[in-house]
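Open the model in your viewer and keep the selection tool at hand. The stops below go from a single peptide bond to a whole chain.

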Amino acid sequence: MTAEQLSLLKEIMAYRFSVLEFNLYLNTHPRDRGALEKYNKYVKELRDLCFEYQKKYGPLTATFPSEFPWEYYSTPWPWQINYD
Amino acid sequence: MWSYQKYLQYPAKVSKTDLEMAKLLYAQYAGPDSELGAAVRYLTQRYTMPTDEAKATLTDIGTEELAHWEIIATLIYKLVNGVSPKKLQQAGLGAHYAQHGRALYPHDAAGVPFTAAYLQSHEDPIANLQEDLAAEEKARATYENLIELSNDQGIIETLSFLREREVVHFQRFGETLNIVRDHLNK
Ligand SMILES: [Fe+2]
């Protein structure tokens, strides 16, 4: 995996984590408008980053359109990536 | 990384005429050939698989098994929801009610708690895939027994769908076994 691909992937991981943190917080604070606004901002960023990454490097999930031949199964597996 | 989707893979319907089925459905909730066992088995075995096809198959079937686990839970939940303790006792769920009320618990149809001893994970990918083929057949056979034991049309439809999925999984695991064999013979 190139440094460029890894850095985009790490950005996705960070945004996904932020989305999850707000998700958990909002489950018990559904009326916190400030948190909700941040959640929505991160969700949108995450969506854009995932789209960009998958367009460039292939699918992260099996619900993303694929070029021929089927791309999803051969993109890197999370436990085989060197995160350094 | 996993993300939860707030919908079932198949609409779980019960007509609430067959409370005894709640106890029996526990076979597939957390018994030896249950959806829980299948999910843990495949999602554990996947890491050391030698080909991407095998990693993908185990990941995605393991994930689907979690969706099936949710369907079985939904059937049990709907069957026991709002039912009186006396009625639960008559349906064979007295012991379950004493210990858990109407909450779900990962045990089998006889109340035996789930254990990882139901499954194996080996570095030898052929050994794993042979176990997975057998697991799918045992799950299919269990669904056939459950279908025979039910008179609830909604439950029968849902179990028939799940039975069919085991047949498809068996097919995919067979293909995966061939791919892994070819890979090892190269
Ligand atoms: Fe299965």
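Select A:Pro69, which sits in the segment that follows helix H2 (33–57) of chain A. This is a predicted model, and every value quoted on the tour is computed from it. Now add A:Phe68 to the selection and show the backbone: the peptide bond from A:Phe68 to A:Pro69 is cis, with omega near -10°. Most peptide bonds are trans.

Next, hide chain A and colour chain B by secondary structure. Which elements appear in chain B, helices or strands? There are six helices and zero strands. Followed from the N terminus, the order in chain B reads α-α-α-α-α-α.

Keep chain B selected and turn to its dimensions. Along the principal axes, the C-alpha atoms of chain B occupy a box of roughly 65 × 30 × 30 Å. The radius of gyration of chain B is 17 Å, which agrees with the value near 16 Å for a compact globule of 186 residues.

Switch on the surface of chain B. Its accessible area is about 9100 Å², and carbon and sulfur atoms account for 55% of that. Colour by burial next: of the 186 residues in chain B, 44% are buried.

For the contacts, take the pairs in chain B that are at least 6 residues apart in sequence; 78% of these contacts join residues at least 24 apart.

Last, select the charged side chains of chain B. There are 18 positive and 25 negative charges, and the mean positions of the two sets are 7 Å apart.

Key
Residues are numbered from 1 along each chain as its sequence is written. Chains are lettered from A and ligands numbered from 1 in the order in which they are written. This is a predicted model: local features need pLDDT of at least 70, side-chain atom pairs count only at pLDDT 80 or more; totals for chains, interfaces and linings use all residues. Side-chain values use heavy atoms; hydrogens and water are left out. Helices (H or I, at least four residues) and strands (E, at least two) are DSSP runs, numbered from the N terminus. The radius of gyration is taken over C-alpha atoms; the globule rule is 2.2 Å times the number of residues to the power 0.38. Buried means under 20% relative accessible area, exposed over 50%, partly exposed in between (1.4 Å probe, protein chains only). Contact means heavy atoms within 4.5 Å. Accessible areas come from the Shrake-Rupley method with a 1.4 Å probe; for residues, only the protein chains shown count as cover. Lys and Arg count as positive and Asp and Glu as negative; His and the chain ends are not counted. The place of a charge is taken as NZ of Lys, CZ of Arg, CG of Asp or CD of Glu.
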